[in-house]
Amino acid sequence: MHLADSANPNRTHHQPRAPKEAMSALPYQNPKNTIDERVADLLARLTVEEKAGQLTQYFYTGDGEPIPEDFDIESLPPEHRIHVELPALIESAIRAGRAGSLLFLRDPALSNKLQRYAVEESRLGIPLLFGFDVVHGWRTIFPVPIALAATWSEGTVEAVQTIAAREARAAGVHWTFAPMIDIARDPRWGRIIEGAGEDPVLGSVMAAAQVRGFQGELGSESLLAGPKHFLGYGAARGGRDYDDAEVSDHELWNVYLPPFRAAVEAGAATVMSAYMDLNGVPASASRTLLTTVLREQLGFDGFVVSDANAVRSLAVQHFAEDQTDAAVRALEAGLDMEMCMFEPAFDNLPDAVADGRIDESVLDDAVRRVLTAKFRLGLFENPYANESATASTLSSPASRTLARTAAEQSIVLLKNVDATLPLDPRTLPNVAVIGQLADSKREILGPWVFDHDTNETVTILEGLRDALGDARIGYEPGAGIPERVHPSMFDVMDTTVERTPDDYDDDAAIERAVELATASDVTIVVVGQRQNQIGEKSSTSTLDLPGRQFEQLQRLHATGTKLIVVVVSGRPLDLRWADEHVPAIVQAWYPGTRGGEALAAVLLGATSPAGRLPFTWPQHVGQVPLVYAHHRTFIPEEQDARYFEGSNAPLYPFGHGLSYTSFEYSDLRIDRPVIARGESTTVSVDVTNVGDRDADEVVQLYIHQRFGVSSRPVRELKDFARISLAAGQARRVEFTLTPQQLRYWSAATNGYVQDATTFDLGIGGDSLVALESSFTVTR
Ligand code: NOJ
């Protein structure tokens, strides 16, 4: 049964609608019953077609209006007709009780209209669940997730996603396909921007904080969270998005799994499966992943949605024989809901049940999970968005202030010699601002935004002008940033995308930039990648600055004017030359709606930067992948000389980030230097702000296991704390190391072990650590 059939009244299998009075007496409609009772009652009433419907999620890209009668659909190429016809087909499916969820709706009036079809016109009135990728904000756009991770502040990140949830919910969204918590160890992979980088502990903290932020207590301002993509998607071969992943068990369970464990423990209501083959089995049909690991080992009790078209793709990937096989194998593996464009594979489930290819009880289990989520969110009592409150929720000044705070906290000062930064606003007669990315509202928002308002976005140039006054700032866009060779599907949807015009004269533009820099006292050059050069389907084979930005950088440097480099990117770029020649480099990420204000505050010293890198910054693409938590292997003293022609040390280490003040670490103490397996020990240290300005510091705790059943990485982050210290202030920071943190999964035993061993311990403001000690675990 295909979607098209549901538009045909002769093919609908549903029974006549019961009169309203009788309906109100049904147990599933009575909020006094428990959720389990309501689900059981409703499930027993569903036809097998309705069950398949509850397990189906459609992309809805229509406007809710019928196709005009005079529209000549025949004039369209056949493959485009479906896009015009689809909305009406989906609407029929909703009325027939054959759709459980829709995604990509952003107008609450339209959501409500479609919801009425489900609630008032379908036989059992089961509300639709509206999903969307609410990744780093809805109307208020916060820094991109990799930047949020760079705050190393779970409080900020939770607060950000609380606001994102509130705004999206006010716009009619119930469920976000976020957080993306895939570990990313290859910056060629575009989706590195959506996660928390390379480290499982930082990744776990950020995963849990985001789940808490989105879901809260699952009330009227919450979104269901949807951590993704289970599992190993970030390990795409060669960093090429969607490519298969080969990950050893040891790396899978020790590195890729922990953020999902944290998200599940934080109560994530849903999880999204991944597209690719993991070790030869498509993740979206892996029973080991979706049932054994996710449900049985992690205790996940929500529902699993496929990535978009991932069930249909099981046949495309030459794993499933046909779409029925795809549906059956995905469902049997533990996948509950199919996200799809059209012709869901799950449409074949009723026939598969009739043919005995799958037991109806497998559908029942999945439907039970989906309905439970709808009841938990209170959708049966409150299916509609409150349209009268949407505008005020979306325009809250407090949300914009949080966007600025989060951006300020995320900015990483990569290099700063001779106290080049902060600039002193009192002694800055002429500032040259160079770069197309400096004068763009769209670019600094980053990818994965859909309801943003560019009018109120503060560009980098505007932020500086507001802070310094127009008269002191000159601007030149300079070098163009070339288009993608393979276009992004997002650019089709996004009417605000900015591009360098085809006839842009790079030579003249660079010349003008150089002239302006020559006549100025300071040059701030903003370099990086456009927002559509990172994200989904935006992998790259180079970390070079696109276009002629590097040549322009060298020319600007040659003017002799003091030069500051600001990087707008979601991945490390090749900054070797800049690091060698330029006195100050600032990583601004895609900082969001208030990004320009935040950057100005950092450059001009209103705030001291304390963002820290959530990944190791390689010198160039040839070093990739490069992680700080590598293993100590043969001839460790030559660790940084593994390439005959050059160094394999990073440009900037994991956890790196400078400050306008200095911190001293002293008096490192381990309360119990000898513990038995299963016991905990407490580590504490004094951190003093020895500079003359208030600032935040990110205190990082690392361990290294000296011997054991397996060998372990040279350094592993175990805990951290972002703290604020006034000038001169000291604070004792304390961490407890638990057996849970000291164990790991070993390929030698095929299970988790905690060794009796000696641990080196390091503590400091980055992964190079300031102080070291050790402790012992006995049998
Ligand atoms: C595909 C992406 O991989 C996934 O992360 C996203 O949630 C869906 N598309 C829906 O936009």
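The following paragraphs describe the aromatic rings of this structure and the contacts they make. The model is a predicted one.

The structure holds 23 aromatic pairs. One of them joins F375 and F380, whose ring centres are 3.9 Å apart and whose planes meet at 10°, so this pair is stacked. Planes under 30 degrees apart are what the term stacked requires. Both partners are shielded from the surroundings in the sense of accessible area: F375 is buried, and F380 is buried as well.

A second arrangement is found between W617 and Y652. Here the ring centres lie 5.9 Å apart and the planes stand at 80°, so the pair counts as edge-to-face. W617 and Y652 both belong to the loop between α24 (595-603) and β16 (663-670), and the pair therefore ties together parts that are 35 residues apart in sequence. With a relative accessibility of 0%, W617 counts as buried. Y652 has a relative accessible area of 4% and is buried too. The cut-off behind both assignments is a relative accessible area under 20%.

Aromatic rings may also be joined into a group. Ring pairs link F59, F104, F132, W138, W448, F450 and F490 into a cluster. One member of this cluster, W448, has a charged neighbour: the charged end of K228 sits over the ring of W448, at 5.3 Å from its centre.

A charge is also placed over a ring at F319. In this case the charged end of R329 sits over the ring, 3.9 Å from the centre of the ring of F319.

Note on methods: Residues numbered from 1 in each chain as written. Predicted model: local features only at pLDDT ≥ 70, side-chain atom pairs only at ≥ 80, totals over all residues. Heavy atoms only, no water. Phe/Tyr/Trp six-rings, centres within 6.5 Å; stacked < 30°, edge-to-face > 60°. Buried < 20%, exposed > 50% of the residue type's maximum accessible area, 1.4 Å probe, protein only. Helix = DSSP H or I, 4+ residues; strand = E, 2+ residues; numbered from the N terminus. Lys NZ or Arg CZ within 6 Å of the ring centre and 35° of its normal.
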